[in-house]
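Let's take a friendly walk through a protein structure, one small detail at a time. Keep the picture beside you as you read.

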Amino acid sequence: MDDCDFLKVLEGVIDDRIKTKRQGSYTYSLYVGGVSLISKKVGEEAVEVAVAAMAKDKDWVVRESADLMYHLLVLLRVMGLSLSDICRELRRRHEGEGSG
Ligand SMILES: N=c1c2ncn([C@@H]3O[C@H](COP(=O)(O)OP(=O)(O)OP(=O)(O)O)[C@@H](O)[C@H]3O)c2ncn1[C@@H]1O[C@H](COP(=O)(O)O)[C@@H](O)[C@H]1O
């Protein structure tokens, strides 16, 4: 499995935590907090990626990007969206450029 294939696995884990209302799960606690809490976390993590990049610290960028992507997946799930919706849009843009 390519490391990025794990994003799909993680999407499934997030879905499971929400569907089963897993007590003690950070994901489920975000779900309970709703879109406003999750959006706040996404915003904070995005800023942290930018701060890490400005510090030119690649390891830090990787860690903060992982935090950002996890929280973004939770936000998408809560909004009834998925990674596939984002990938479809990116592919559409690429093909719209006439280079696909
Ligand atoms: N990838 C992640 C992941 N990345 C980050 N986090 C959590 O996101 C939070 C980010 O917190 P911050 O960076 O803001 O720091 P903090 O001050 O500790 O957090 P807050 O007090 O601000 O909430 C931390 O509690 C991290 O543990 C994650 N929590 C869960 N996952 C994945 O989700 C799966 C399910 O986790 P649970 O829902 O907890 O079962 C796990 O197995 C992981 O694969």
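In this predicted model, a polar atom in the side chain of serine 25 lies 3.0 Å from the backbone nitrogen of tyrosine 28. Serine 25 sits in the loop between H1 and H2. Is serine 25 buried or exposed? Its relative accessible area is 9%, and buried means under 20%, so serine 25 counts as buried.

The loop between H1 and H2 also holds lysine 21. Lysine 21 has a positive phi of about 50°, although it is not a glycine. With 51% relative accessibility, lysine 21 counts as exposed, because exposed means over 50%. A second lysine with a positive phi is lysine 56, where the angle is near 55°. Lysine 56 belongs to the loop between H2 and H3, and its relative accessible area of 74% makes it exposed.

**The whole protein**

Now step back. The protein has four helices and zero strands, so its pattern along the sequence reads α-α-α-α. Its C-alpha atoms fill a box of roughly 45 × 35 × 30 Å along the principal axes. Of its 100 residues, 25% count as buried. The protein exposes about 7,000 Å², and carbon and sulfur atoms supply 59% of that area. Among contacts between residues at least 6 apart in sequence, 53% join residues at least 24 apart.

**A look at helix H3**

Helix H3 covers residues 58–78. How far apart are the end C-alpha atoms of H3? They are 30 Å apart, and this agrees with the 30 Å that its 21 residues should span at 1.5 Å a residue. At the N-terminal end, aspartate 57 acts as a cap for H3, with a side-chain oxygen 3.3 Å from the backbone nitrogen of aspartate 59. Just after H3 comes glycine 80, with a positive phi of about 75°.

Several residues of H3 are buried, among them Leu68, Tyr70, His71 and Leu73. The cover over the buried residues of H3 includes helix H1 (6–19), helix H2 (26–54) and helix H4 (83–96).

**Charged partners**

Side chains of opposite charge can pair when their charged atoms come close. The structure holds 10 salt bridges, and three of them are listed here.

| Salt bridge | Distance, N to O |
|---|---|
| Aspartate 15 and lysine 19 | 2.9 Å |
| Arginine 77 and aspartate 15 | 2.6 Å |
| Lysine 40 and glutamate 44 | 3.1 Å |

Aspartate 15 and lysine 19 are both in helix H1, four residues apart, or about one turn of the helix. Arginine 77 and aspartate 15, which also meet in a salt bridge, link distant parts of the chain, with arginine 77 in helix H3 and aspartate 15 in helix H1, 62 residues apart. Together, Asp15, Lys19 and Arg77 are linked in a network of salt bridges. Within this network, lysine 19 is exposed at 60% relative accessibility, whereas arginine 77 is partly exposed at 24%.

Lysine 40 and glutamate 44 both lie in helix H2, again four residues apart. Glutamate 44 is partly exposed, with a relative accessible area of 30%.

**A nonpolar patch**

Which residues form a nonpolar patch on the surface? Met1, Phe6, Val9 and Val13 do, with about 390 Å² of accessible area together. Valine 13 is part of helix H1 and is partly exposed, its relative accessible area being 32%.

How values were computed:
Residues are numbered from 1 along each chain as its sequence is written. This is a predicted model: local features need pLDDT of at least 70, side-chain atom pairs count only at pLDDT 80 or more; totals for chains, interfaces and linings use all residues. Side-chain values use heavy atoms; hydrogens and water are left out. Helices (H or I, at least four residues) and strands (E, at least two) are DSSP runs, numbered from the N terminus. The expected span of a helix is 1.5 Å times one less than its number of residues. Buried means under 20% relative accessible area, exposed over 50%, partly exposed in between (1.4 Å probe, protein chains only). Contact means heavy atoms within 4.5 Å. A polar contact is a pair of N or O atoms within 3.5 Å; within protein, one must be able to donate a hydrogen and the other to accept it, and residues adjacent in sequence count only if both atoms are side-chain atoms. Patches are made of residues with over 30% relative accessible area and no salt bridge: like charges are joined within 9 Å, nonpolar side chains (Val, Leu, Ile, Met, Phe, Trp, Tyr) within 5 Å. Accessible areas come from the Shrake-Rupley method with a 1.4 Å probe; for residues, only the protein chains shown count as cover. A salt bridge is a side-chain nitrogen of Lys or Arg within 4 Å of a carboxyl oxygen of Asp or Glu.
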